[in-house]
Amino acid sequence: MMSNGLKDVIIKELYTLEETIAADVFADVTYPWEVLPKIGEFIIKLGNTLPEDRFEKKGENVWIAKSAKVYPSACINGPAIIDEEAEIRHCAFIRGNAVVGKGAVVGNSTELKNVILFNKVQVPHYNYVGDSILGYKAHMGAGSITSNVKSDKTLVVVRAGEERFETGLKKFGAMLGDNVEVGCNSVLNPGTIIGKESNVYPVSMVRGFIPAHSIYKKHGEVAAKRD
């Protein structure tokens with residue numbers, strides 16, 4: 001299954017911006033990873049504009065919607081925004097620079113760092129999500145993680161088809177489009193991008209770009225979904 005190149009990984013091909021409180025941070029960029037260095041500053045700016053009748057500021061630069069459910073054992077460090085009706089479960093660890101969308105679930109022992117989770121994202125069981133953006137209704141199965149630093153510590157390069165893009169980023173996890181399903185215990189290597197409506201088999205090791213509407217079975221075996 002062939003990619004058409006970098007035009008497949010632009011923001012409008014991956015995400016429905018109406019499904020995130022953080023839409024404005026994407027306004028002046030083409031590729032989603034360009035947002036990663038901006039998340040912390042953006043949260044502080046946005047947080048200070050949130051209506052006090054719907055959001056409560058707790059601690060330093062942490063805004064939590066009054067309709068969100070946060071378990072007492074969860075740890076949330078700022079800057080962070082937890083949007084309405086989100087659920088932050090037992091022992092979740094939000095390290096900072098995190099936007100958690102409406103109705104999203106951050107589950108038991110899940111760790112977030114420098115991320116945007118669109119509305120209704122689910123990372124419900126033992127997930128690590130760092131330097132990543134997860135689109136509307138994306139779901140990561142139990143134990144699946146984003147690996148956000150290369151083992152040789154070199155800068156991350158995005159590969160889409162025959163094209164390459166030097167991101168200039170040392171830390172870059174994964175970009176998951178809307179409605180992506182990642183199977184349990186999978187590892188998404190640095191710079192992974194998965195197009196809308198795609199599925200990744202459990203216990204996969206994913207690298208590079210997976211086109212929209214496809215099924216990743218293993219390296220070199222990606223099938224188009226049938227209508």
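## A pocket with a mixed lining

The second largest pocket is lined by five nonpolar and five charged residues, with no polar ones. This is a predicted model, and every value below is computed from it. The nonpolar and charged groups are easy to pick out in the list of lining residues. They are I21, D24, V25, A27, D28, K38, E41, F42, K45 and L46. The space in this pocket comes to about 250 Å³.

How can empty space be found in a model made of atoms? A probe the size of a water molecule is rolled over the atoms, and this shows where space is left empty.

## Strands 1, 2 and 5

Start with strand 2, residues 62-65. Strand 1, residues 55-57, pairs with strand 2 through three bridges, and the two run antiparallel. One pair of facing residues is F55 and A65. The two strands form a hairpin, with four residues between them. In the turn sits G59, which has a positive phi of about 70 degrees.

Strand 2 also pairs with strand 5. This time the sense is parallel, and there are three bridges. I64 has I82 of strand 5 as its bridge partner.

Now look at the side chains. In a regular strand they alternate between the two faces of the sheet. Which residues of strand 2 lie on each side? V62 and I64 are on one side, and W63 and A65 are on the other. All four are buried, so both faces of strand 2 are covered.

## Strands 10, 12 and 17

Strand 12 spans residues 128-134. Is strand 12 enclosed or open? Seven of its seven residues are buried, so strand 12 is largely enclosed by the rest of the structure.

Strand 12 has parallel partners. Six bridges join strand 12 to strand 10. Among the paired residues are I116 and I133 of strand 12. Two bridges link strand 12 to strand 17, residues 174-176, and these strands also run parallel. There, L134 has L176 as its bridge partner.

## A buried lysine

K113 belongs to strand 10, residues 111-117. Why does K113 count as buried? The relative accessible area of K113 is 14%, and the cut-off for buried is under 20%.

The side chain of K113 has a polar partner. A polar contact of 2.7 Å joins it to the side chain of D131. Leaving out residues up to four places away in sequence, K113 touches R95, G96, N97, Y128, V129, G130, D131, N148 and K171. D131 therefore appears both in this list and in the polar contact.

## Two loop residues compared with Q122

A86 is in the loop between strand 5 and strand 6, residues 87-88. A86 is buried, with a relative accessibility of 2%. Outside its neighbours within four places in sequence, A86 contacts A68, K69, V100, G101, G103 and A104. A86 and Q122 are 36 residues apart along the chain, and their C-alpha atoms are separated by 9.9 Å.

K137 is in another loop, the one between strand 12 and strand 13, residues 139-140. Is K137 buried or partly exposed? K137 is partly exposed, at 37% relative accessibility. Beyond four places in sequence, K137 contacts N119, K120, V121, N179 and V180. K137 lies 15 residues from Q122 along the chain, with 6.9 Å between their C-alpha atoms.

## Unusual backbone angles

Most residues other than glycine have a negative phi, and most peptide bonds are trans. Some places in this model depart from that pattern.

What kind of peptide bond joins G78 and P79? The bond is cis, with omega at about 0 degrees. P79 is in the loop between strand 4, residues 75-76, and strand 5, residues 80-82.

Y126 is not a glycine, yet it has a positive phi of about 55 degrees. Y126 is in the loop between strand 11, residues 122-125, and strand 12. H213 is not a glycine either, and its phi is also positive, at about 55 degrees. The loop that holds H213 runs between strand 23, residues 209-210, and strand 24, residues 214-218. H213 is partly exposed, with a relative accessible area of 45%.

Definitions and conventions
Residues are numbered from 1 along each chain as its sequence is written. This is a predicted model: local features need pLDDT of at least 70, side-chain atom pairs count only at pLDDT 80 or more; totals for chains, interfaces and linings use all residues. Side-chain values use heavy atoms; hydrogens and water are left out. Buried means under 20% relative accessible area, exposed over 50%, partly exposed in between (1.4 Å probe, protein chains only). A polar contact is a pair of N or O atoms within 3.5 Å; within protein, one must be able to donate a hydrogen and the other to accept it, and residues adjacent in sequence count only if both atoms are side-chain atoms. Contact means heavy atoms within 4.5 Å. Two strands pair if DSSP finds at least two bridges between them. On a 1 Å grid over the protein atoms alone, a cavity is a set of points where a 1.4 Å probe fits but cannot get out, and a pocket is an open set with protein on both sides within 12 Å along at least five of seven lines; lining residues have an atom within 4 Å of a point. Grid points are joined across faces, edges and corners, and a volume is the space filled by probe spheres set on the points. Ala, Val, Leu, Ile, Met, Phe, Trp, Tyr, Cys and Pro count as nonpolar, Asp, Glu, Lys and Arg as charged, and the others, Gly among them, as polar.
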